[in-house]
Amino acid sequence: MDILETLKTILMDSGFAGFFMEGGWKNLVMIAISCVLLYLGIVKKFEPLLLVGIAFGCLLVNVSNFYVDGASSADALYHPELWDAFLDAESPYYHSYGNIMANGGFLDILYIGVKTGLYPSLIFMGIGAMTDFGPLLSNPKSLLLGAAAQMGVFLAFFGAILLGFTGTEAASIGIIGGADGPTAIFLTGKLAPHLLGPIAVAAYSYMALIPMIQPPLMRALTTEKERQIKMEQSRQVSKTEKILFPIIVALFVILLLPSTAPLVGCLMLGNLWKECGVTERLSDTVQNALMNIVTVFLGISVGATMVASNFLKLQTLFIVGLGLAAFAFSTVGGLLVGKLMCKLSGGKINPLIGSAGVSAVPMAARVSQIEGQKANPSNFLLMHAMGPNVAGVIGSAIAAGFLLAVFG
């Protein structure tokens, strides 16, 4: 009899029993979703470096966390109610990381790096160390294309408002249009952390689908003659220009929008390490070791927010739809300004490079190159497209800083 009671106790305390609790079926649905995301990351190679971590974080949180009277189970790795108290000004634990450290699980502690903006900022440092701003400096007009490609951010923002989202939620949804995963995570972690899971999944999924989403829009908005335009080789950028650029941008942008300091500051510091010529070891570390370590923590902790109670809502479908609209309109904005520049330049600028104004480096630039070569096999647009592409990185950070300044 004692053996039977012991077995019964073990069974009732196991996660399997949790599936039979009220709402336990939702955990099963989330486990299925995590398996789909793992398939997309591993088999289809959709942004695998981050999507695999996000998917497994989702799996971990939904096999370890079942709710009893609104509270997480004792062995949960992530406790949403602790973060709700963190955001509740009436709670004695308002903005208390000490409470998270004392009572949180493994994933709660990792999530602190998302909440504080640490992980996205360090990712930006690595991006800066891997980015060559030479194409942008050789053709400063590329900044206009990077700015135009943020159009989808604000159109999606107003669309979200019309669908009943709050200002902070709409800002977080709109930033998906920047096609910059770390920026989306940074802004959402500050403004609407309860939407972090669906926004991160939407942002990285659409980034991975750039070769499918952008080409139809590019062909629809440009003529065959425009796509055949061959652009002249850009001027050579001096070493001095490349060193001064991150310093000047950091000074100007951060003074203009102090809320951009974590992202823009880290982006430009990483680039300065790359270009100054005396910090090769630091540049290499940031590009490789640090980038890999932060990606591990970022993916798992973002996946942890995909608890069933936050994810399985109608608003998740709205977020996915608005994210796609934001991404499409950002591409359209870059293409339309590209067409305008083409006309004003007398046909010297191929409007296809406008689609690279989104922040997905270097994938968007490669799509411009591929479409250009389909129209004209002797066309080489990659370096020209890299200008608006890296401008989009700066543009998305500025857009996020503006939204954070308004709603933060």
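**Exercise 1. Determine which helices line the second largest pocket of this predicted model, and characterise that lining.**

*Solution.* Step 1: identify the contributing elements. Helix H9 (134-138), helix H10 (142-148), helix H11 (151-162), helix H17 (239-256) and helix H23 (382-407) each provide at least two lining residues. Step 2: find the main contributor. H17 gives the most, with 6 residues. Step 3: locate the centre. The lining comprises 21 residues, and those nearest the centre of the pocket are Leu143, Ala391, Ile394, Gly395 and Ile398. Step 4: classify the lining. There are 18 nonpolar residues, 3 polar residues and no charged residues. Step 5: state the volume, which is about 370 Å³ for this second largest pocket.

**Exercise 2. Describe the largest pocket by its volume, its central residues and the classes of its lining residues.**

*Solution.* Step 1: the volume of the largest pocket is about 860 Å³. Step 2: 32 residues line this pocket, and Glu47, Leu49, Met130, Met291 and Val361 are the closest to its centre. Step 3: helix H4 (48-64), helix H8 (118-130), helix H13 (181-191), H14, H19 and H22 each contribute at least two residues to the lining. Among these, H19 gives the most, with 7 residues. Step 4: by class, the lining consists of 21 nonpolar, 7 polar and 4 charged residues.

**Exercise 3. Examine the backbone at Glu47 and at the bond between Val361 and Pro362.**

*Solution.* Step 1: Glu47 belongs to the loop between helix H3 (24-42) and H4. Although Glu47 is not a glycine, its phi is positive, at about 40 degrees. Step 2: the peptide bond joining Val361 and Pro362 is cis, with omega about -5 degrees. Pro362 is placed in the loop between H21 and H22. Step 3: relate both sites to the largest pocket. Glu47 and Val361 are among the lining residues closest to its centre.

**Exercise 4. Decide whether Ala179 is buried or exposed, and report its backbone geometry.**

*Solution.* Step 1: Ala179 lies in the loop between helix H12 (167-174) and H13. Step 2: its relative accessible area is 2%, and the limit for burial is under 20%, so Ala179 is buried. Step 3: Ala179 is not a glycine, yet it has a positive phi of about 55 degrees.

**Exercise 5. Characterise the surroundings of Ser301.**

*Solution.* Step 1: Ser301 is part of helix H19 (residues 280-304). Step 2: with a relative accessible area of 0%, Ser301 is buried. Step 3: a polar atom of the Ser301 side chain lies 3.2 Å from the backbone oxygen of Leu298. Step 4: setting aside neighbours within four places in sequence, Ser301 contacts Leu110, Tyr111, Val114 and Tyr119.

**Exercise 6. Test whether the end-to-end distance of helix H15 (residues 210-221) agrees with its expected span, and identify what covers its buried residues.**

*Solution.* Step 1: H15 has 12 residues, and at 1.5 Å a residue the expected span is 16 Å. This value arises because 1.5 Å is multiplied by one less than the number of residues. Step 2: the end C-alpha atoms of H15 are 16 Å apart, which agrees. Step 3: the buried residues of H15 are Ile210, Ile213, Gln214, Pro215 and Met218. Step 4: their cover includes helix H14 (196-208), helix H16 (224-227), helix H21 (314-344) and helix H22 (363-375).

Technical notes
Residues numbered from 1 in each chain as written. Predicted model: local features only at pLDDT ≥ 70, side-chain atom pairs only at ≥ 80, totals over all residues. Heavy atoms only, no water. Helix = DSSP H or I, 4+ residues; strand = E, 2+ residues; numbered from the N terminus. Buried < 20%, exposed > 50% of the residue type's maximum accessible area, 1.4 Å probe, protein only. Polar contact = N/O pair within 3.5 Å; in protein donor to acceptor, adjacent residues only side chain to side chain. Contact = heavy atoms within 4.5 Å. 1 Å grid on protein atoms, 1.4 Å probe; cavity = no way out; pocket = protein on both sides within 12 Å on 5 of 7 lines; lining within 4 Å. Points joined across faces, edges and corners; volume = space filled by probe spheres on them. Nonpolar A, V, L, I, M, F, W, Y, C, P; charged D, E, K, R; others polar.
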